[in-house]
Structures are given as C-alpha cells and as structure tokens.
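Trainee: I am new to this structure and would like a close look at one loop, followed by a walk outwards from there into the parts around the chain. Could you take it slowly and give the reasons as you go?

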Amino acid sequence: MSAAAQERMPALYLSHGAPPLADDPIWPGQLAAWSAALPRPRAVLVVSAHWEEAPLALGATRTVPLVHDFWGFPEHYYQVRYDAPGAPELAEAVRKLLRAPGMPVQDVPDRGLDHGAYVPLVEMFPDADVPVLQVSMPTLDPVRLMEIGRKLAPLRDEGVLIVGSGFFTHNLAALRHPGGGVPSWSAEFDDWGRRVLDAGDVDALLDFTRTSPAGRLAHPRTEHFAPLFVTMGAADATGELGRQRSVIEGFWLGLAKRSVQFG
C-alpha cells in the first residue's frame, strides 16, 4: 500500500503483563478491543522493556522461536507460540532512519520476540498474521529514547504500528507485602502519570524519578517505563503529544496497567 493511501497509525505504550495475562478475565479482552479499534497495521515495530542492547539491535526478520524469558511458571506458558511473519522491509527502513555517525545499528537475526512483545500481541493480533519486528533499547536515557522515537516516526505514515511495551509501575520485590491489594506507591505513581500525561508535561515525565511520588519505588530501574519515551518521540515528531488518551487503566497484581495511545 502506498504512503498516500495509508492512514497514519497511532503510537502506543502498553503495559504488557506476564504470561499469566492470558488467563486474566478482563485484560485480554481490553487488549483485543483496543486492537479492533485501530486501523489495520501493515507491520508492528516493538520496543520491549526486556531487550536492552547497544548498539541498537534489530531482531529476527523471519519467524524464529520465541524468547521465553521468564522462570518458575507452569510448563504450558513455555509452549506458547506466536509465528508472526518477519518484517525484512521494515528492518531495512529502520536501518535507514536510525543509522548515522555515532549511532550504529546491528542485526541479531536469531533473536525472537520476548514476552514483552508476544504476550500482548497474542491478545491483540491472535491470528499472528501481521509482520512484527522487535528492536532493542540501546539506552535507558529518556531524552535519547525520545530522539529514537522521533526518527522512527515516519514509519507511522507507512502503516507501521509503533509499540513501546513496558509496565506503568514495576517493582516486583516491593509487591511482597502482607496486605495484598494495590500498594500506595503504585497507586500514587499511576495517578501522577495520568495527570502529567493529560497535562502534556513532557519535562515532568522525562525527570520522573524526581518529579513523581515514589518514582524509584514504582521503577527501581527505568526499563519498564523507558519504552514510553520511544512512543512519545514518535508522537512528538508529528505534533501529537497532546492527542493522547489512556485506553486501559486499573491494576493487575498491584501493578498499574495504564496503557496509552497517541494519535
């Protein structure tokens, strides 16, 4: 499909959950309804919290086994398959957009989709008929990640759905408390995030460890919040930071599952 005929795709940041998401009574339906409301993507480009590698790396461009990067789960979660087509043309486009002096791009041709990519995609595109390319995060610096997102933004006009996959709050160790339910740090960070997103306060988001309540409790490391900045960059390049809405809200096992659409 030509660029002229292709509707611009939105850019998404989603909380991806863990393999047991498939058994949740609510969340899979929320993801399915979200994808059903989107234009049909030509391909999906995923940046997952679970792949940090520098220089920036492109994953497999053919169908290869998934990366079951989790431990201690029942055996059936390791039998999940998601045989989405590879996206070699998209990989070439990403190389052209990102490769520059001081910013090399490498290929990891046998690297399959990790659970940050395939767990939500199984629910959103269950037929596995949309080509998928995963790229690594070469840094956790929010400013640099936004710049990567800006460079990737032209792909949206070519029918590519850019997805930053993380978790809006993510501190598994701090969830081990006797009270259960939603811990205060998770609820407070989620409420803060909703308000600053609604206000379009990019500076507050970029400096979230200092501007948010319990920022380092919500994210002891930045990796699960970091994909948001790639998504924001892809929206900023087209002037769409102000066109955002939280599509999914609420909590799962105490973690905020807020997921946001730009454009």
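Mentor: A128 is found in the loop between α3 and β5, the strand that covers residues 132-137, and you should keep in mind from the start that the model in front of you is predicted. The backbone at A128 deserves attention, since its phi is near 50°, a positive value in a residue other than glycine. As for how far the residue is covered, A128 has a relative accessible area of 14%, and because buried means under 20%, A128 counts as buried.

A second alanine can be set beside this one. A214 also lacks the glycine identity and has a positive phi, of about 55°, and its place is in the loop between α7 (208-211) and α8 (215-218). A214 is partly exposed, with a relative accessible area of 28%, whereas A128 is buried. A further backbone feature belongs to the loop between β2 (43-52) and β3 (56-58), where P55 has its place: the peptide bond that leads from A54 to P55 is cis, with omega near -5°.

Let us return to α3, the helix on one side of the loop that holds A128. Two packed helices are described by the angle between their axes and the distance between the axes. For helix α1 (residues 27-36) and helix α3 (residues 115-124), the axes come within 7 Å and cross at roughly 70°, and the two helices are therefore roughly perpendicular to each other. The crossing of α1 and α3 is right-handed. On the α1 side, the contact is made by P28, L31, A32, W34 and S35, while α3 brings P120, E123 and M124; sorted by class, these residues are six nonpolar, one polar and one charged.

Another helix pair, α2 and α4, can be read in the manner just used. These helices pack at an angle of about 120°, with their axes 9 Å apart, and α2 and α4 are therefore oblique to each other. Their crossing, too, is right-handed. Here V94, L97 and L98 in α2 meet I148, K151 and L152 in α4, and the residues of this contact divide into five nonpolar, no polar and one charged.

Both of these helices lead on to charged pairs. In helix α2 (residues 88-98), E92 and R95 are three residues apart and so separated by about one helical turn; they form a salt bridge in which the closest N and O atoms are 2.8 Å apart. E92 counts as partly exposed, at 34% relative accessibility, but R95 is buried, with a relative accessible area of 16%.

After α4 (142-152) comes the loop that runs to β6 (160-166), and D157 lies there, whereas R8 lies in the segment before β1 (11-15). D157 and R8 form a salt bridge, their closest N and O atoms being 2.8 Å apart, so the pair ties together parts that are 149 residues apart in sequence. Both partners are partly exposed: D157 has a relative accessible area of 28%, and R8 stands at 34%. This bridge also belongs to a wider arrangement, for R8, R156, D157, E240 and R243 are linked in a network of salt bridges. Over the whole structure, a search finds 20 salt bridges, and one further example joins the side chains of R210 and D207, at 3.2 Å from N to O. In that pair, R210 counts as exposed at 69% relative accessibility, while D207 is partly exposed at 25%.

Finally, consider a charged residue in another loop, because it takes us back to β5. E223 lies in the loop between α8 and α9 (227-236), and with a relative accessible area of 12%, E223 is buried. Leaving aside its neighbours within four places in sequence, E223 is in contact with A49, E52, M137, L140 and H170. One of these partners, M137, is 86 residues from E223 along the chain, yet the C-alpha atoms of the two are separated by 8.7 Å. Since β5 covers residues 132-137, you may trace the path back from M137 along that strand to the loop in which A128 is found.

How values were computed: Residues numbered from 1 in each chain as written. Predicted model: local features only at pLDDT ≥ 70, side-chain atom pairs only at ≥ 80, totals over all residues. Heavy atoms only, no water. Salt bridge = Lys/Arg side-chain N within 4 Å of Asp/Glu carboxyl O. Helix = DSSP H or I, 4+ residues; strand = E, 2+ residues; numbered from the N terminus. Buried < 20%, exposed > 50% of the residue type's maximum accessible area, 1.4 Å probe, protein only. Axes fitted to C-alpha atoms, helices over the stretch in contact; angles between N-to-C directions. Parallel < 35°, antiparallel > 145°, perpendicular 65-115°, else oblique. Left-handed = near helix turned anticlockwise from the far one by under 90°. Contact = heavy atoms within 4.5 Å. Nonpolar A, V, L, I, M, F, W, Y, C, P; charged D, E, K, R; others polar.
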